[in-house]
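The following exercises guide a reader through a single protein chain. Please study the sequence and the model before attempting them.

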Amino acid sequence: MPVSADLSAFATLPDEARLWLLALTHDTEASVLAPEVEALLGRWRHKGVQYQGAWALLERRILAVAEPTLAAQPSGCAIDGMLRGVNQLTAKLGLALEDPQAVIVRLADGVHALPRTDLEARLGDGTLDGATPVLDLALLTLGDLRQGRFERPLAATWIGRKYLRPVGSGL
């Protein structure tokens with residue numbers, strides 16, 4: 001399924017660029033995030049390496065950050081520093097990040113974060129089914145995002161493998 005966002009900020013980055021997707025608890029505008037995220041990425045360096053990160057806001061609440069150097073030369077400290085900076089800037093702006101264990105789904109009334117502990121109950125009550133779109137925050141590369149792997153039907157995700165039973169299985 002296509003991403004409903006402008007990915008032009010990533011135009012100069014290769015498909016192999018490392019990707020991080022972080023969900024905000026509420027919708028926001030990119031213009032609210034821009035000054036802080038631009039400043040964070042502008043000062044993103046570790047041990048003399050200046051990282052070349054770019055960002056976009058997907059679905060008005062998913063912060064996407066991509067960086068090409070960290071795909072080939074990963075640095076846990078550099079990644080931790082960027083993630084710490086995102087937490088600080090969201091707090092400064094009065095925003096918050098979803099629990100990283102939450103499952104982000106698209107329902108008729110918008111994008112929602114569901115605790116993993118609620119998945120079985122939501123499947124049981126019909127809130128979710130195999131066709132429910134799930135936004136995959138575990139994508140590792142910018143190429144995965146560009147190739148449409150961000151949004152997939154629940155049945156094609158780990159949730160479907162774990163909770164959906166094949167028709168006629170009798171289980």
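**Exercise 1: The surroundings of helix H3**

Task: State what covers the buried residues of H3.

Solution. The cover of these residues includes S1, H1, strand S2 (45-46), S5 and helix H2 (69-72). Helices (H or I, at least four residues) and strands (E, at least two) are DSSP runs, numbered from the N terminus. Contact means heavy atoms within 4.5 Å. The model is predicted: local features need pLDDT of at least 70 and side-chain atom pairs count only at pLDDT 80 or more, whereas totals for chains, interfaces and linings use all residues. Residues are numbered from 1 along each chain as its sequence is written, and side-chain values use heavy atoms, with hydrogens and water left out.

**Exercise 2: The two sides of H3**

Task: Determine which residues of H3 are buried and how they are arranged around the axis.

Solution. Step one is to list the buried residues (under 20% relative accessible area; exposed is over 50%, partly exposed in between, with a 1.4 Å probe and protein chains only). In H3 these are Ala 78, Ile 79, Met 82, Gly 85, Val 86, Leu 89 and Thr 90. Step two concerns their arc, taken from the directions from the helix axis to the C-beta atoms. The arc is only 130 degrees, which means that the buried residues lie on the same side of H3. In general, an α-helix has 3.6 residues a turn, so residues three or four places apart point the same way. Step three turns to the other side of H3, where Gln 88, Ala 91 and Lys 92 are exposed.

Task: Compare the span of H3 with its expected value.

Solution. The expected span is 1.5 Å times one less than the number of residues. For the 17 residues of H3 this gives 24 Å, and the end C-alpha atoms are 24 Å apart, which agrees. Just after the helix, Gly 94 has a positive phi of about 75 degrees.

**Exercise 3: The sheet of three strands**

Task: Give the strand order of the 3-stranded sheet and identify its edges.

Solution. The order is S1-S5-S4, in an open sheet with antiparallel pairing; two strands pair if DSSP finds at least two bridges between them. S1 and S4 each have a single partner strand, so they stand at the edges with one side lacking a neighbour in the sheet. From one strand to the next, the twist averages 20 degrees. Between S1 and S5 there are 6 bridges, and Leu 19 is opposite Ala 66 in S5.

Next, consider the helices. H1 packs on the sheet by touching S4 and S5, and its direction makes about 155 degrees with that of S4. H3 also packs there, touching S1 and S5, at about 25 degrees to the direction of S1. Axes are lines fitted to C-alpha atoms, for helices over the stretch in contact, and angles run from 0 to 180 degrees between N-to-C directions.

**Exercise 4: The largest nonpolar core**

Task: Name the residues with the most contacts inside the largest nonpolar core, and the elements that supply it.

Solution. A nonpolar core is a set of buried Ala, Val, Leu, Ile, Met, Phe, Trp, Tyr and Cys residues joined through side-chain atoms within 4.5 Å. The largest has 20 residues, and Leu 33, Trp 44, Trp 55 and Val 65 have the most contacts inside it. At least two residues come from each of S1, H1, strand S4 (54-58), strand S5 (62-67) and helix H3 (76-92). H3 gives the most, with 5 residues.
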